[in-house]
Amino acid sequence: MTMPVRGLASAHFAHNSCRVGKSLHKHTFAPLGLLSSSIGEEAKRMLGSSVRTLRRLRCCNNSSSLLLLGRDCCRNGITVSKRKVLPLCCKGESSISIFDIGERQSSIQRWYVVRSKRSLHTETDAYLAIELALDSVVKIFTVTSSPNYFLPWQNKSQRETMGSGFVIPGKKILTNAHVVADHTFVLVRKHGSPTKYRAEVLAVGHECDLAILVVESQEFWEGVNFLELGDIPFLQEAVAVVGYPQGGDNISVTKGVVSRVEPTQYVHGATQLMAIQIDAAINPGNSGGPAIMGNKVAGVAFQNLSGAENIGYIIPVPVIKHFIAGVEESGKYVGFCSMGLSCQPTENVQLRNHFKMQPQMTGVLVSKINPLSDAHRVLNKDDIILEFDGVPIANDGTVPFRNRERITFDHLVSMKKPNETALVKVLRNGEEHAFTITLRPLQPLVPVHQFDKLPSYYIFAGLVFVPLTQPYLHEYGEDWYNTSPRRLCERALRELPKQAGEQLVILSQVLMDDINAGYERLAELQVKKVNGIEIQNLKHLCQLVENCSTESLRFDLDDDRVVALKFESARIATSRILERHRIPSRMSSDLVSEQNNLEID
């Protein structure tokens, strides 16, 4: 199962090998010696190459060599019109040997043969790594049942999905979160085995799209190897994606190279984390499978770019290790940290001058601060963040990453463990300050996703109250941004919470009855107050209604709309409406538990 980026079309597989370019990049050449008489077509093409290219043919032994070059060349040989001597030695020794044209041809041919042998050796290592992966990669069969947010007391019909996963140390299986999201039943099958084994979900991180499964059956673990995590691959390094994509039942191996490493939108969790772009095909079913480089895992396949050919994405090792470490330390998924800031680049010279930045200073402008973040305690709007943990931030918000690459400084923040501190250097009113900020995961006012849990709801007199969530807006279809209520959509995407536990509660729909006739057009409006008291969340609204001691009950909504009900009549009508619509309870299970606790207290 894969998660395509919305708005674009699916990627197709294409094989692209860059062994020759990779060998040249590493300067792997044969010694000039041991001649032969024949020459291959590729060697002939190299004889016609530039002096600069031939200069790179250097020997790796302790002797030194010189090569005579001519300016003019022909297709079947080289005509030397003006000799030029180029040193081709690795060591600075004094011995000199001069080759004729035939020797030059033979030496280049020998380089070509050794290069081919090295490529064959690398390819052999790749095949050995894939053989190792065959005893680790499993096929995952998931039965899912997603909630119906328009009718939150019931689920949608169940469906079956398939994905991939692989064994990691500790008798655990690593896969994608979207492979097991909203699961009701999970089975796994080893390569070459007809038997499926029951699996349980140990931990799920929907933001990073990773999940850990465990299998209790000891029979399953017989003959199973685990894969080790490697490092972030460099550009143009080859990787092999192993999994069970659509189009067949057996395991599949596709090869590609690394095209890009940068923070990318994770479609499933709607978060921005580091990802690796590769040109190997990642199709539905590939999700959760390992991307092998050498004999270690370079990442986990998880999504492709719809509308573009041969663009797939894998989750890099730092994100995987952060997820696994959090689960091992706390026993559950702990999330990724955030500073809770919205920042603006300072690439404009006049903008930098306005905020009194010196010519040598670089940084980003703080535009908005989440009130629930620790940064809200020490930072101000219009501060300039110059450094994060001693790393200078460029005017475009990036920091140095590896060899001449750059990455947004959000990556440094996300790799911090919860409750870790960071030293932030800030320019405020032309003066530099240093602040220590505690980092932790932050929840938005309107949840981006709500997998593996039932939605909350409360029904009174046929009025259905629910907290606003993005999954609720997704019920309006693929084009939910344009088809959902505009005001709710804008609040979901832009508003920040003012206090912990705050929710936007809306009147989702009106189940028609004599008691609520005339209020049906007030659906999809936010509820502001109950009997003059501002509500904090759905639980607070439920408490205010259940504990109402007045004869009349009043709800204040958006646009200054009002709903007034006679409390006792409305309470009696609630049971009648629930029975008519076959709704088992007037409130969701989480609110029932809360009400029971209040009654006990």
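## Cavities

A cavity is a set of points, on a 1 Å grid over the protein atoms alone, where a 1.4 Å probe fits but cannot get out; lining residues have an atom within 4 Å of a point. Grid points are joined across faces, edges and corners, and a volume is the space filled by probe spheres set on the points. A search of the whole structure, which is a predicted model, yields four cavities of 30 Å³ or more.

The largest cavity has a volume of about 60 Å³. Its lining consists of Y149, P152, Q450, P455, S456, V466, P467, T469 and Y472. Sorted by class, six of the lining residues are nonpolar, three are polar and none is charged. In this scheme Ala, Val, Leu, Ile, Met, Phe, Trp, Tyr, Cys and Pro count as nonpolar, Asp, Glu, Lys and Arg as charged, and the others, Gly among them, as polar.

## Basis of the model

Residues are numbered from 1 along each chain as its sequence is written, and side-chain values use heavy atoms, with hydrogens and water left out. Because the model is predicted, local features need pLDDT of at least 70 and side-chain atom pairs count only at pLDDT 80 or more, whereas totals for chains, interfaces and linings use all residues.

## Overall composition

The secondary structure comprises 15 helices and 32 strands. Helices (H or I, at least four residues) and strands (E, at least two) are DSSP runs, numbered from the N terminus. Of the 601 residues, 48% count as buried, a term that denotes under 20% relative accessible area (1.4 Å probe, protein chains only). Among contacts (heavy atoms within 4.5 Å) between residues at least 6 apart in sequence, 66% join residues at least 24 apart.

## The six-stranded barrel

A closed barrel of six strands follows the order β12-β13-β14-β17-β16-β15, with antiparallel pairing; two strands pair if DSSP finds at least two bridges between them. On average, neighbouring strands of this sheet are turned by 50° against each other, direction ignored. Axes are lines fitted to C-alpha atoms, for helices over the stretch in contact, and angles run from 0 to 180 degrees between N-to-C directions.

Within the barrel, β16 (residues 296-304) and β17 (residues 312-316) run antiparallel and are joined by five bridges. Q303 stands opposite Y313 in β17. Helix α6 (residues 317-330) packs on the sheet and touches β13 (252-266), β14 (271-278), β16 and β17. The direction of α6 makes about 45° with that of β17.

## The enclosed strand β5

Eight of the eight residues of β5 (residues 137-144) are buried, so this strand is largely enclosed by the rest of the structure. In a regular strand the side chains alternate between the two faces of the sheet. In β5 both faces are covered, with V137, K139, F141 and V143 buried on one side and V138, I140, T142 and T144 buried on the other.

Strand β5 pairs with β6 (residues 159-168) in the antiparallel sense over eight bridges, and V137 stands opposite F166 in β6. Seven bridges join β5 to β8 (residues 183-190), again antiparallel, where K190 is the bridge partner of V138.

## A hairpin and a buried arginine

Strands β24 (residues 421-428) and β25 (residues 431-438) run antiparallel, joined by eight bridges. A422 has I437 in β25 as its bridge partner. The two strands form a hairpin with two residues between them, and N429 in the turn has a positive phi of about 55°.

R491 lies in helix α12 (residues 486-494) and is buried, with a relative accessible area of 14%. Leaving aside neighbours within four places in sequence, R491 is in contact with V446, L504, Q526, K528 and D558. R491 and V446 are 45 residues apart along the chain, and their C-alpha atoms are separated by 8.0 Å.

How values were computed. On a 1 Å grid over the protein atoms alone, a cavity is a set of points where a 1.4 Å probe fits but cannot get out, and a pocket is an open set with protein on both sides within 12 Å along at least five of seven lines; lining residues have an atom within 4 Å of a point. Buried means under 20% relative accessible area, exposed over 50%, partly exposed in between (1.4 Å probe, protein chains only).
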